[in-house]
Amino acid sequence: MIPFPSIKQFRDVIRNVHNKAHFVGLDSAGEPIYDNRRPVPALRFRGSVKLHGSNAAVVFGPNGIGFQSRERLLTLEDDNFGFHAHMSGHMDELRRIAGLIATQAQVSP
């Protein structure tokens with residue numbers, strides 16, 4: 001199982017930019033010192049809309065090819081909206097893709 005990373009929100013980006021722009025250093029106790037008078041940079045972003053729904057992934061690993069959702073390994077008995085069942089019908093193509101990836105990454109499939 002490969003853990004799904006956390007998806008940060010735009011407000012987290014704003015907070016981090018402000019903190020970095022205002023950070024001056026550390027005090028004698030190792031606590032951060034901020035100067036809110038320091039300018040904040042103007043940044044341009046290109047974003048996309050995050051749709052809420054289901055997450056599914058194909059995993060290529062030492063144990064072969066598997067399928068997972070965000071938080072669990074999938075089986076035919078414990079599927080994720082039919083993803084495992086559907087992808088199981090494409091194992092030859094998935095093995096071919098895994099071989100191409102392994103060749104490109106110079107690892108064993």
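Begin by selecting histidine 84, which you will find in helix α2, the run of residues 83–88. This is a predicted model, and the tour moves outward from this one residue to the rest of the chain. Is histidine 84 buried or exposed? Its relative accessibility is 13%, and because buried means under 20% relative accessible area, histidine 84 counts as buried. To see what surrounds histidine 84, leave aside its neighbours within four places in sequence and display Phe67, Leu74, Thr75, Leu76 and Asp79, with which histidine 84 is in contact.

**The nonpolar core**

Keep Phe67 and Leu74 on screen and add Phe83, Met87, Met91 and Leu94; these 6 residues make up the largest nonpolar core. Helix α2 and helix α3, which covers 91–105, are the elements that give two or more residues to this core. Now centre the view on methionine 87, which, with its neighbours within four places in sequence set aside, is in contact with Val58, Phe67 and Leu94.

**Aromatic pairs**

Next, show the rings of the aromatic residues, among which the count comes to 3 aromatic pairs. In general, such a pair is described by the distance of the centres and the angle of the planes.

Which arrangement do phenylalanine 10 and phenylalanine 45 adopt? Their ring centres lie 5.7 Å apart and their planes stand at 85°, so the pair is edge-to-face. Because phenylalanine 10 lies in helix α1 while phenylalanine 45 lies in the loop between β2 and β3 (56–61), the pair ties together parts that are 35 residues apart in sequence. If you colour by accessibility, phenylalanine 10 appears as exposed, with a relative accessible area of 52%, and phenylalanine 45 also counts as exposed, at 51% relative accessibility.

Move from there to phenylalanine 67 and phenylalanine 83, an aromatic pair that is edge-to-face, with 5.9 Å from centre to centre and 85° between the planes. Phenylalanine 67 belongs to strand β4 (residues 64–69) and phenylalanine 83 to helix α2, so this pair ties together parts that are 16 residues apart in sequence. Here phenylalanine 67 is buried, with a relative accessible area of 5%, and phenylalanine 83 is buried with a relative accessible area of 19%; both residues have already been met as members of the largest nonpolar core.

**Helix α1 and the hairpin**

Select residues 10–22, which form helix α1. At 1.5 Å a residue, the 13 residues of this helix should span 18 Å, and the end C-alpha atoms are 19 Å apart, which agrees. Within α1, highlight Asp12, Val17, Ala21 and His22, which are buried. What do the buried residues of α1 pack against? They pack against β1 and β2.

Those two strands are the next selection: β1 (residues 23–26) and β2 (residues 32–34) run antiparallel and are joined by 3 bridges. Pick leucine 26 and look across to proline 32, its bridge partner in β2. The hairpin of β1 and β2 has 5 residues between the strands, and in this hairpin glycine 30 takes a positive phi near 85°.

**Two residues with positive phi**

Two further stops concern the backbone. Phenylalanine 81 has a phi near 55°, a positive value in a residue other than glycine, and its place is in the loop between β4 and α2. With 80% relative accessibility, phenylalanine 81 counts as exposed. Glutamine 106, in the segment after α3, has a phi near 60°, which is likewise a positive value in a residue other than glycine. Its relative accessibility is 72%, and glutamine 106 therefore counts as exposed.

**The whole chain**

Finally, zoom out and colour the chain by its elements, which are 3 helices and 4 strands. Followed along the sequence, the chain shows the pattern α-β-β-β-β-α-α. The C-alpha trace spans about 60 × 35 × 30 Å along its principal axes. A compact globule of 109 residues would have a radius of gyration near 13 Å, but this chain has 22 Å. Of the 109 residues, 17% are buried. Among contacts with a separation of 6 or more, 36% are between residues 24 or more positions apart.

Technical notes:
Residues are numbered from 1 along each chain as its sequence is written. This is a predicted model: local features need pLDDT of at least 70, side-chain atom pairs count only at pLDDT 80 or more; totals for chains, interfaces and linings use all residues. Side-chain values use heavy atoms; hydrogens and water are left out. Buried means under 20% relative accessible area, exposed over 50%, partly exposed in between (1.4 Å probe, protein chains only). Contact means heavy atoms within 4.5 Å. Two strands pair if DSSP finds at least two bridges between them. A nonpolar core is a set of buried Ala, Val, Leu, Ile, Met, Phe, Trp, Tyr and Cys residues joined through side-chain atoms within 4.5 Å. The expected span of a helix is 1.5 Å times one less than its number of residues. Rings of Phe, Tyr and Trp (its six-membered ring) pair if their centres lie within 6.5 Å; planes under 30 degrees apart count as stacked, over 60 as edge-to-face and the rest as tilted. The radius of gyration is taken over C-alpha atoms; the globule rule is 2.2 Å times the number of residues to the power 0.38.
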